[in-house]
Amino acid sequence: MTRAVRLALLMMVLAASSLVTACATVQPWQRGRLASPCMQFSPDGELAAFASHWQESREGAAGGNGLQGGGCGCK
Amino acid sequence: MTPALRWPTALVCCLGCLASGVAPRLARASEAVVPLVTPALVLPDASGTSVSLASFRGKVVLVDIWASWCAPCKAAFPAYDALYREYRGRGLDVLAINVDEQRKAATAFLDGRDHQVHVLFDPKGLAPTGFKLKGMPTSYLIDRKGVTRFAHEGFNAKVLAQYRREIEQLLEETP
């Protein structure tokens with residue numbers, strides 16, 4: 001197999017694989033499952049927020065635990 | 001990977017990302033103002049009776065799109081119910097359109113709640129799609145001619161005060 005053929009084959013595989021990605025836009029009114037308590041990292045949001053705040057202050061790493069957001073798109 | 005393959009590979013990866021949804025998101029993010037539209041909606045109420053938005057022509061209609069999993073929606077619900085009780089004698093109607101996928105989630109919230117607004121069920125999201133909703137909760141004020149005049153995203157006391165002024169304004173207008 002020549003180098004050009006290998007290159008073409010690789011590009012075709014990459015192009016084809018890009019078409020089967022699972023990205024999808026979840027609309028604001030479709031976020032009920034994302035807002036479900038079982039989708040949260042911690043069962044106690046307030047305690048987790050406090051612990052995160054404490055850790056970020058001690059570590060000098062504000063934002064290091066990610067930003068807040070329940071996923072419901074609520075303002 | 002040989003150096004000759006790096007750039008073509010990077011190019012293909014970039015094109016793949018663009019094709020798989022990044023580009024549409026960027027395009028949506030650049031939309032500054034969403035034009036107000038009034039969709040033709042026919043949705044069932046709790047008894048299964050179909051209710052048409054057009055049947056409220058001649059009245060001022062507040063359309064509230066809510067879900068049981070959305071905390072500010074639940075905070076807004078009794079406030080809109082109070083608005084309805086206050087202004088219904090002058091021609092205001094309130095349609096609370098629920099977009100929960102499972103109706104039982106909505107009825108669990110509504111059970112035991114002494115509400116008087118019209119609750120309609122829209123598990124397929126026809127109403128938010130029609131109104132081009134951008135965030136939950138969003139509510140819309142439709143005038144007596146059936147034209148959507150105002151929209152408010154989110155809910156707080158400021159929105160409520162603004163709504164009172166707008167409702168008063170629309171109620172003063174003749175059909």
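Q: In this predicted model, which residue follows α2(A) and has a positive phi?
A: Helix α2 of chain A covers residues 45-59. Just after this helix comes a residue with a positive phi, near 65°. That residue is G60(A).

Q: How far apart are the end C-alpha atoms of α2(A)?
A: The helix has 15 residues, and at 1.5 Å a residue it should span 21 Å. The distance in the model agrees with that expectation. The end C-alpha atoms of α2(A) are 21 Å apart.

Q: Is α2(A) largely in the open or largely enclosed?
A: A good place to start is burial. Of the 15 residues of α2(A), the number buried is zero. The helix α2(A) therefore lies largely in the open.

Q: Moving to chain B, in what order do its elements run from the N terminus on?
A: Chain B holds five helices and seven strands. Of its 175 residues, 27% count as buried. Read from the N terminus on, the elements run α-β-β-β-α-β-α-β-α-β-β-α.

Q: Which element of chain B has the highest mean pLDDT?
A: Chain B has a mean pLDDT of 85, and 80% of its residues reach 70 or more. Over residues 24-32 of chain B, however, pLDDT stays under 50, and the model has one contact beyond four places in sequence for them. Among the elements of chain B, helix α1 (residues 3-29) has the lowest mean, 56. The highest, 96, belongs to β4(B).

Q: Which strands stand at the edges of the open sheet in chain B?
A: Five strands of chain B form this open sheet with mixed pairing, in the order β5-β4-β3-β6-β7. Two of the strands have a single partner strand each, so one side of each is left without a neighbour in the sheet. Those edge strands are β5 and β7 of chain B.

Q: What angle does the direction of α5(B) make with that of β7(B)?
A: Helix α5(B) packs on the sheet. There α5(B) touches β3, β4, β6 and β7 of chain B. Its direction and that of β7(B) make an angle of about 175°.

Q: Why is β6(B) described as largely enclosed by the rest of the structure?
A: Both faces of β6(B) are covered. On one side T138(B), Y140(B) and I142(B) are buried, and on the other S139(B) and L141(B) are buried. The strand is largely enclosed because the buried residues of β6(B) number five of five.

Q: Which residue stands opposite T138(B)?
A: Strand β6(B) pairs with β3(B) in the antiparallel sense, over five bridges. T138(B) lies in β6(B). Opposite T138(B) stands I65(B).

Q: Which residue in the hairpin of β6(B) and β7(B) takes a positive phi?
A: Five bridges join β6(B) to β7(B), and these strands run antiparallel. One facing pair here is I142(B) opposite T148(B). The hairpin has five residues between its strands, and a positive phi near 90° is found at G146(B).

Q: Which strand gives the most to the largest nonpolar core?
A: This core has 35 residues, and A96(B) and I97(B) touch the most other members. Elements of chain B that each supply at least two of its residues include β4 (92-98), α2 (71-87) and α5 (157-172). With six residues, the one that gives the most is β3(B).

Q: Which residues does I97(B) touch, not counting residues up to four places away in sequence?
A: I97(B) is one of the two residues that touch the most other members of the core. Its contacts include V63(B) and I65(B). The full list is L43(B), V63(B), D64(B), I65(B), L120(B), D122(B) and A127(B).

Q: With which residues is E101(B) in contact, leaving aside its neighbours within four places in sequence?
A: E101(B) sits in the loop between β4 and α3 (103-110) of chain B. This residue is partly exposed, with 15 other C-beta atoms within 10 Å. Its C-alpha atom is separated by 27 Å from that of L160(B), 59 residues apart along the chain. The contacts of E101(B) are G32(A) and P123(B).

Notes:
Residues numbered from 1 in each chain as written. Chains lettered and ligands numbered in written order. Predicted model: local features only at pLDDT ≥ 70, side-chain atom pairs only at ≥ 80, totals over all residues. Core = buried A, V, L, I, M, F, W, Y, C linked by C-beta atoms within 7 Å. Buried ≥ 20, exposed ≤ 12 C-beta atoms within 10 Å, placed from the backbone. Helix = DSSP H or I, 4+ residues; strand = E, 2+ residues; numbered from the N terminus. Contact = placed C-beta atoms within 7 Å. Pairing = 2+ DSSP bridges. Expected span 1.5 Å × (residues − 1). Axes fitted to C-alpha atoms, helices over the stretch in contact; angles between N-to-C directions. pLDDT = per-residue confidence, 0-100.
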